[in-house]
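Subject: Handing over the structure

Hello,

As promised, I am passing this one on to you, along with some notes to help you find your way around. Have a look first, then read on.

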Amino acid sequence: YFDARGLDLETITRFGLGYAPDQWDALKTALGTSSQRMTLLEKIGLVKSGERGKYEYFRNRVMFPIADRRGRTIAFGGRILEKTEDSGPKYLNSPETALFHKGQQLFALWQVRQAHAKIPRLIVVEGYMDVIALFQHGVTQVVATLGTATTRDHAELLFRNCADVYFCFDGDRAGRGAAWKAVESVLPRMRDGRQA
């Protein structure tokens, strides 16, 4: 998938991209099945309980780690490789946890902060691959909301990091809807020195 999208090794490494195998127990095999470990994996949403016992939340997906402002991985986004009857949604984020609230996080803000001592501007795009492709081509001030509309918390986070914010969404209906939500979230937070 990453080869087909033209990603080089440096970009894959920079974003920690990976793959969740098409197995129900890959994490358990890799990390062990102690009750303490399983409790932690459930608490962070990587393992779920269902009719057939415990199973892994992400299966047969390319994986995008989501970092907090200190660069610690606090969640994941996963994209299916091919659509099947039981593959689930195209994109899937970790469930909300004590560490992760998708309405309060921006994908790649950590990478932007690593690339710039002072962020000249922030560009908000729709998805993980939009961010990653732009980074690979030298545009290193790009972030994305995590499959959700721009929230008040996103707007505050954007303006705390940079006074100059641009929104760049697709021209389709979903993109226009996302742009309007961004306007609604950003306008109440505008003041002298801020630009969107």
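A residue is called buried here when its relative accessible area is under 20%, exposed when that value is over 50%, and partly exposed in between. By that cut-off aspartate 68, at 10% relative accessibility, counts as buried. Please keep in mind that what you see is a predicted model.

Let me begin with the charged pairs, since aspartate 68 belongs to one of them. How many salt bridges does the structure hold? There are 3.

Aspartate 68 pairs with arginine 72, and the closest N and O atoms lie 2.7 Å apart. While aspartate 68 is buried, arginine 72 is partly exposed, with a relative accessible area of 46%.

Another salt bridge joins the side chains of lysine 54 and glutamate 42, at 2.6 Å from N to O. This pair links distant parts of the chain, with lysine 54 in strand E3 and glutamate 42 in helix H3 (residues 35-43), 12 residues apart. Both partners are partly exposed: lysine 54 has a relative accessible area of 35%, and glutamate 42 is at 30%.

There is also a salt bridge between the side chains of arginine 189 and glutamate 156, with 3.6 Å from N to O. Here too the pair links distant parts of the chain: arginine 189 sits in the segment after H7, glutamate 156 belongs to helix H6, and 33 residues separate them. Is arginine 189 buried or exposed? Its relative accessible area is 15%, so arginine 189 is buried. Glutamate 156, in contrast, is partly exposed at 28%.

That brings us to the helices, and helix H7 is a good one to look at next. H7 runs over residues 173-186, which makes 14 residues. From its first C-alpha to its last, H7 reaches 20 Å, close to the 20 Å expected at 1.5 Å a residue. Which residues of H7 are buried? They are Gly175, Ala182, Ser185 and Val186. These four cover an arc of only 85° around the axis, so they are on the same side of H7. If you turn to the other side of H7, you will find Arg173, Arg176 and Trp180 exposed.

What do the buried residues of H7 pack against? Their partners are helix H6 (152-161) and strand E9 (165-167).

H6 has its own set of buried residues: His154, Ala155, Leu157, Leu158, Phe159 and Asn161. The cover over them includes H4, strand E7 (122-125), strand E8 (142-144), E9 and H7.

Back on H7, do take a look at tryptophan 180, which is placed in this helix. With a relative accessibility of 54%, over the 50% cut-off, tryptophan 180 counts as exposed. Together with Val183 and Leu187, Trp180 forms a nonpolar patch on the surface, and the three have about 330 Å² of accessible area together.

Just ahead of this helix in the chain, aspartate 170 lies in the loop between E9 and H7. Aspartate 170 is partly exposed, with a relative accessible area of 43%. Leaving out residues up to four places away in sequence, aspartate 170 touches Glu126, Gly175 and Arg176. If you would like a sense of distance, the C-alpha atoms of aspartate 170 and isoleucine 74 are separated by 28 Å, and these residues are 96 apart along the chain.

Finally, here are two spots where the backbone may catch your eye. Asparagine 60 has a phi near 50°, a positive value in a residue other than glycine. Where is asparagine 60 placed? You will find asparagine 60 in the loop between strand E3 (53-56) and strand E4 (61-67). Asparagine 60 is partly exposed, with a relative accessible area of 22%.

Alanine 108 likewise is not a glycine, and its phi is positive, at about 80°. Alanine 108 lies in the loop between strand E6 (91-93) and helix H4 (109-115). At 5% relative accessibility, alanine 108 counts as buried.

Happy exploring, and best wishes!

Key. Residues numbered from 1 in each chain as written. Predicted model: local features only at pLDDT ≥ 70, side-chain atom pairs only at ≥ 80, totals over all residues. Heavy atoms only, no water. Buried < 20%, exposed > 50% of the residue type's maximum accessible area, 1.4 Å probe, protein only. Expected span 1.5 Å × (residues − 1). Arc of directions from axis to C-beta. Contact = heavy atoms within 4.5 Å. Patch = residues over 30% accessible without salt bridge, like charges linked within 9 Å, V, L, I, M, F, W, Y side chains within 5 Å. Areas by Shrake-Rupley, 256 points an atom, 1.4 Å probe, with all protein chains shown as cover. Salt bridge = Lys/Arg side-chain N within 4 Å of Asp/Glu carboxyl O.
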